[in-house]
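Me: I'd like to go through this one by asking why each label fits. Can you start with the term we'll need for the neighbours?

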Amino acid sequence: MIKKWIYLFAVFVFILSSAGAYRAEAATQMELSSRIEGVLVVDVSKSMLSSDPNGLSNEAMKMFVDMSSIKGDKIGVIAYGNDVESKKDLTRIQTEADKQAIKGFIDSLGKYNNTDISVGVAEALKFLDTGHESGYIPLIVVLADGNNDLDKTKPKTNQQADEQLAQSVVDAKAKGYPIYVIGLNADGKLNKQLLQNIAAGTNGKFFETNNAADLPGILSEIFADHLMLKMVPVKDVTATEEFQDVPFTVPNENVLEANISLISSKPVELKLVDPSGKEVAIPSDNISLTKSKNYSMLKLLNPVQGNWTLKVKGFPQDKVDVKLVFNNDLQLKLAPLVKNIKTGDTVKIEAFFEDNGKKIVNKDLYPTLKASLFVKDSASGKTEEIPLKAGDKGFFGEFKAGDSASYELTVKAEGNSFFRETKPQTIEVATTGGKDIEPVAGDVSPSPSKNSIPWLYIAIAAAVVFLLAVPSFSYASKKKKENRGFSGQIVVEIMDEETGVSTEPKVKKLKAFKGEFHLRQLFLLDQEFSETDQITFVPITDNTLLLLNKSSCTIDMGGELIDAETGHRLRRNDKLCIHLPELHKAIYIENVS
């Protein structure tokens, strides 16, 4: 007698959001940097009747839809035979009804003669080329056996199909579209090499299956790999006639969603107990339950922090295998570094998490993670790992510059459920070592010759004329500058970097100012912000301001340190952050002229 198995995969997609106030432009809609833009590509040729007789491809696609975020993710579907037979454009999921519409489309797919995988992959690239949006993470999931069977009544040859597929793989890699391939092999005729090449050539992954029980693990790994997450094994149980407890923990109060998927060919009974010990109704306002032929999906919205218990009763003696995936929206940032240092200088390192552009201050988060600084020597190519210490506000450490001309610095943080790394920053090192610094070409001064002397006199005469003209020109320019007015407006918001709490965004129109103004003058800031008196703004055009920083504050734009001592142009829609280290505060500014 074939033993039945129930596989329970608790796939917790935890999307954390900052408790601080959002920026003005994000006030009406949360912007998650971990939103998925997924295109599902499925072979619907009649050969799949033997390679996928149980319809695992449809079940996998529907599970992918159910695992996605209830608000924000985008999913499209392409069904191919010899041509693209049917397709559903990328759909932004905002409600359960949106998910049901996609799953209904999947259930409606028929079977067709002939197969050409190259057309399905090429169409997926077109989907992402035309529908990709900033802030979304694109990926393609192909479900197929990999065997081509072209329509012989059409002129396309096998060689042309192979060439088209090869070009699509090259293009997908160049555009950053990883392709994850699920090979369906019930009949043992899987073209494994072809499918592996597609995945490997695009930085994706290949999976092989003919068992519905594999699907949650495969899809969990796709989500985990794509969003830099880690699957966490938890307690396994064996079902009896009584409910079995499967405990799990919601790590903090910022979790938006948790997904629990269960695989079983027999009905499974579920109960859910919250951290207070109260049983929660399934379904209810914040808990939904969806079912398909081979699985059930339990989704918790905004679950409270603490220890939960899922109670499962299934077919006696069936094994229950539990896996977790925590998905969060935190981005790891490396504080701007001084770009030019000398050999032997010590560079202070600070890295921290941001959520929606806000620095996260959380004493319970950072100590649970291991963080290291990775320093790559540009000359030797060797990389040194330096452990960082965790605090309430981030990770801290230091690095001492050696003899190399430059170093590339990256910070990586890793926990039980996810990992993140920062964008690399490069610092230049002045390594004179007692030697004279060779002048660059523009600094070389050739010794005068007889032929150069007349030109010297001409240059001196021109300089005299210029100096006589400068005062009058300078005076006129100064009067014009003093009378130049401002237009547009600036949005300012102040964040306490110790608590992560921000003020409400303030908008100030600029038309009342002439010539120049300083930041404290504009927003009537308290005396504690007197340092910002040395940060001034001068109008250049109707939409552009010149920012001058004579203070000790540091200013960054998009995480990159900017040098505004001699002036930095602040154009329309530019955003920057002014750090006041003594106050442990940051001022966020946006020019919305």
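Reply: Sure: contact here means heavy atoms within 4.5 Å. Bear in mind that this is a predicted model. With that cut-off, Glu 37 touches Lys 74, Leu 90, Leu 128, Gly 131, His 132, Glu 133, Tyr 136, Ile 137, Pro 138 and Leu 139, leaving aside residues up to four places away in sequence.

Me: And what makes Glu 37 buried?

Reply: Its relative accessibility is 0%, and buried means under 20%, so the label follows. The residue belongs to strand 2. Its C-alpha atom is 8.2 Å from that of Gly 76, with the two positions 39 residues apart along the chain.

Me: Which backbone atom does the side chain of Glu 37 reach?

Reply: The backbone nitrogen of Glu 133, at 3.0 Å. A polar contact needs N or O atoms within 3.5 Å, so that distance fits the cut-off. Glu 37 and Glu 133 also turn up together in a network of salt bridges that share partners, along with Lys 74 and Arg 92.

Me: How are Lys 74 and Arg 92 placed in the strands?

Reply: Lys 74 stands opposite Arg 92, which is in strand 4. Strand 3 and strand 4 make a hairpin, with three residues between them.

Me: How do you know that strand 3 and strand 4 pair?

Reply: Six bridges join strand 3 to strand 4, and pairing takes at least two, so they count as paired. The two run antiparallel.

Me: Back to charges: why is Asp 66 with Lys 103 called a salt bridge?

Reply: The closest N and O atoms of Asp 66 and Lys 103 are 2.9 Å apart; the cut-off is 4 Å, so the pair qualifies. The bridge connects distant parts of the chain, from Asp 66 in helix 2 to Lys 103 in helix 3, 37 residues apart.

Me: Are Asp 66 and Lys 103 buried or exposed?

Reply: Buried, both times against the limit of under 20%: Asp 66 has a relative accessible area of 2%, and Lys 103 has 6%.

Me: What makes Asp 245 and Lys 311 count as a salt bridge?

Reply: Their closest N and O atoms come to 2.7 Å, so they are within the 4 Å allowed. This bridge links strand 10, where Asp 245 sits, to strand 16, where Lys 311 sits, 66 residues apart. Asp 245 is partly exposed at 34% and so is Lys 311 at 23%, because both values fall between 20% and 50%.

Me: And why does Asp 345 with Lys 342 still count?

Reply: The N to O distance is 3.8 Å, and that is within 4 Å, so the pair is in. Asp 345 is partly exposed at 25%. Lys 342 has 51%, and exposed means over 50%, so Lys 342 is exposed. How many salt bridges does the structure hold? There are 17.

Me: On to the rings. Why is Phe 353 with Tyr 366 called stacked?

Reply: The ring planes are at 20 degrees and the centres 5.6 Å apart. Centres within 6.5 Å make a pair and planes under 30 degrees make it stacked, so both tests are met. Phe 353 is in strand 21 and Tyr 366 in the loop between strand 22 and strand 23, 13 residues apart in sequence.

Me: Then what makes Phe 353 with Phe 395 edge-to-face?

Reply: Here the planes are at 75 degrees, with the centres 6.2 Å apart. Over 60 degrees counts as edge-to-face, so that's the name. Phe 395 lies in strand 26, so this pair ties together parts 42 residues apart in sequence. Phe 353 and Phe 395 each have a relative accessible area of 0%, and Phe 353, Tyr 366 and Phe 395 form one aromatic cluster.

Me: Last one: which residues have the most contacts inside the largest nonpolar core?

Reply: Met 61, Met 63, Phe 64, Val 141, Leu 143, Ile 182 and Ile 222, in a core of 36 residues. Helix 2 gives the most to this core, with seven residues. Ile 182 touches residues including Val 141, Phe 207, Ile 218 and Ile 222. Apart from this core lies another, of 29 residues, among them Leu 330 and Leu 409.

Notes:
Residues numbered from 1 in each chain as written. Predicted model: local features only at pLDDT ≥ 70, side-chain atom pairs only at ≥ 80, totals over all residues. Heavy atoms only, no water. Core = buried A, V, L, I, M, F, W, Y, C linked by side-chain atoms within 4.5 Å. Buried < 20%, exposed > 50% of the residue type's maximum accessible area, 1.4 Å probe, protein only. Helix = DSSP H or I, 4+ residues; strand = E, 2+ residues; numbered from the N terminus. Polar contact = N/O pair within 3.5 Å; in protein donor to acceptor, adjacent residues only side chain to side chain. Salt bridge = Lys/Arg side-chain N within 4 Å of Asp/Glu carboxyl O. Phe/Tyr/Trp six-rings, centres within 6.5 Å; stacked < 30°, edge-to-face > 60°.
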